[in-house]
Amino acid sequence: MPPPYSGVALSEKINALITEWGIVKKLFSITLDNASTNTSFVEILTNQLNFRGLLLMSGKFFHVRCCAHILNLIVQDGLKEIDSSVIKIRECIKYIKGSEGRKQKFYECVAQVGIMGSKKGLRQDVPTRWNSTYTMLESALFYHRAFINLGLIDSNFSSCASTQEWIKLEKITKFLGYFYDVTCLFSRTKYPTSNLFFPKVFIIQHQIKAAMEDNDGFMNKMGTNMNMKFEKYWSEYSLILAIAIIFVISCILWSVLIPSFMDFDNSYKNGPSTSRKNELHKYLDEERLDRKQDIHVLSWWQMEHFHYPILSNLARDVLTIHISMVASESAFSVGGRVLDQYCSSLLPEIVQALLCTRAWLFGKGAMEEENATVESLTEDIFKLTCQDTRSRQSSNSISLED
């Protein structure tokens, strides 16, 4: 009997489930992360399904790798060696956090530079999580004048970044911001599907190339390390995911996505004559809709089913491919917050009832909350400062009245 988490055991289990659910003839793709067990499992499952002739093009498009996981690996490789300026920011925040007196001084510096009313947090990162490092840098840049001010009034504050280092930090933060935004998009619980893949991966590749050509040694090295991982997984764009972008071009204006696609758009203005046009040619000749409109792409294709019967069926299959498994991972992890060390003997029926009740009570927001945000993983030093200061001011006012 194979081990319970081996590729063989997983393929047998999934094969049995899809037969039980009656979807054996409705499979188009499966999205998995890069675990070696998953790679083994999907190869075995593909062979089993191909033996029965159930996969399109012998399963060539069946396995989709989780884009959120790949993107995380790419950035992790880029940040293997942290620049000294990033380390300085980490030390700055540790210094401020070190005592109540330092927190109060920083709070006063924030007031002096005129940014008191902001709700922006000052965050300390978790070094093993690159996205928390990004939020730390972003918040530090917002308060950089307060840091500089603190350096002028506190002789013990020796880790403040120099003017040149702040400029460098701004460049690093802007660069990481592209990856952060795409990661958040790929990790959403709603609609992280194939139409997002090509334009976003194109942007990532463009930014990596720009970093590799940067004169700054750190940016250059970071871009080079990222490119090695990018080439490993995305040296060739997934054909099936790239095709997905074709099914949204009548619902968007190319210019709001990537300017270089305008050439593609213009090339179809002089397409085949009307007598030789098939569904695809007619679709590509459609007038582009304004991207500012709130358009649900699948609904658009459903409405156009009689106009494009073949393409609408293709769009239904291709546009529903999930490019990330983060949302499903989050859904399964909810159980761990119900069955904890204090409630570990609940019956399956009770657990199901609790999860369903939670979904009914909180609605759409429930699943969104389950995606652990970066803010929940990082400590807001400034928020602590504000709370401490308010408490201190409150105590002083009471003592004065007494």
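Aromatic pairs number 17 in this predicted model. Two rings of Phe, Tyr or Trp (its six-membered ring) pair when their centres lie within 6.5 Å; planes under 30 degrees apart are stacked, over 60 edge-to-face, and the rest tilted. F106 and Y143 form one such pair: the centres are 6.3 Å apart and the planes stand at 65°, so it is edge-to-face. This pair joins distant parts of the chain, with F106 in helix α5 (residues 100–112) and Y143 in the loop between α6 (130–142) and α7 (144–153), 37 residues apart. Helices (H or I, at least four residues) and strands (E, at least two) are DSSP runs, numbered from the N terminus. F106 and Y143 are buried. Here buried means under 20% relative accessible area, exposed over 50%, and partly exposed in between (1.4 Å probe, protein chains only).

F175 and F179 also pair edge-to-face, because their planes meet at 65° with the centres 5.0 Å apart. Both sit in helix α8 (residues 163–186), four residues apart, about one turn of the helix. F175 has 5% relative accessibility and so counts as buried. F179 is buried at 0%.

One aromatic cluster takes in Y95, F106, F142, Y143, F147, F157 and W166. R102 lies over the face of Y95, 4.0 Å from the ring centre. The rule for such a contact asks for NZ of Lys or CZ of Arg within 6 Å of the ring centre and within 35 degrees of the ring normal.

Numbering runs from 1 along each chain as its sequence is written. Local features need pLDDT of at least 70 and side-chain atom pairs pLDDT 80 or more, while totals for chains, interfaces and linings use all residues; side-chain values use heavy atoms, without hydrogens and water.

**Nonpolar core and surface**

In soluble globular proteins, nonpolar side chains tend to be buried together. A nonpolar core here is a set of buried Ala, Val, Leu, Ile, Met, Phe, Trp, Tyr and Cys residues joined through side-chain atoms within 4.5 Å. The largest core holds 80 residues, and F106, F147, F179, W234 and W301 touch the most other members. Helix α8 gives the largest share of this core, ten residues. Another core lies apart from it, with eleven residues, among them I18, L32, L49 and L54.

On the surface, L346, L347, I350 and L354 make a nonpolar patch of about 330 Å². Patch members have over 30% relative accessible area and no salt bridge; nonpolar side chains (Val, Leu, Ile, Met, Phe, Trp, Tyr) are joined within 5 Å, like charges within 9 Å. Areas come from the Shrake-Rupley method with a 1.4 Å probe. L346 sits in the loop between α16 (326–338) and α17 (348–362). Its relative accessible area is 32%, so L346 is partly exposed.

**Salt bridges**

The whole structure has twelve salt bridges. Each puts a side-chain nitrogen of Lys or Arg within 4 Å of a carboxyl oxygen of Asp or Glu. Three of them are tabulated.

| Pair | N to O distance |
|---|---|
| D77 and K80 | 3.8 Å |
| K88 and E165 | 3.0 Å |
| R90 and D125 | 2.9 Å |

D77 is buried at 16% relative accessible area, whereas K80 is exposed at 63%. D77 and K80 also join K229 in a network of salt bridges.

What of K88 and E165? K88 is in helix α4 and E165 in helix α8, 77 residues apart, so to speak of the pair is to speak of distant parts of the chain. K88 is partly exposed, with a relative accessible area of 28%. E165 counts as buried at 16%.

R90 and D125 link distant parts of the chain as well: R90 lies in helix α4, and D125 in the loop between β3 (123–124) and α6, 35 residues apart. Both R90 and D125 are buried.

**Backbone and a spatial contact**

Most residues other than glycine have a negative phi. M57 has a positive phi, near 50°. S58 has a positive phi of about 55° and is not a glycine. M57 is in the loop between α2 (36–51) and β2 (63–65), and S58 is in the loop between α2 and β2. M57 is partly exposed at 48% relative accessible area, while S58 is exposed at 55%.

I89 belongs to helix α4 (residues 84–97). With 0% relative accessibility, I89 is buried. I89 and H144 are 55 residues apart in sequence and 9.8 Å apart in space, C-alpha to C-alpha.
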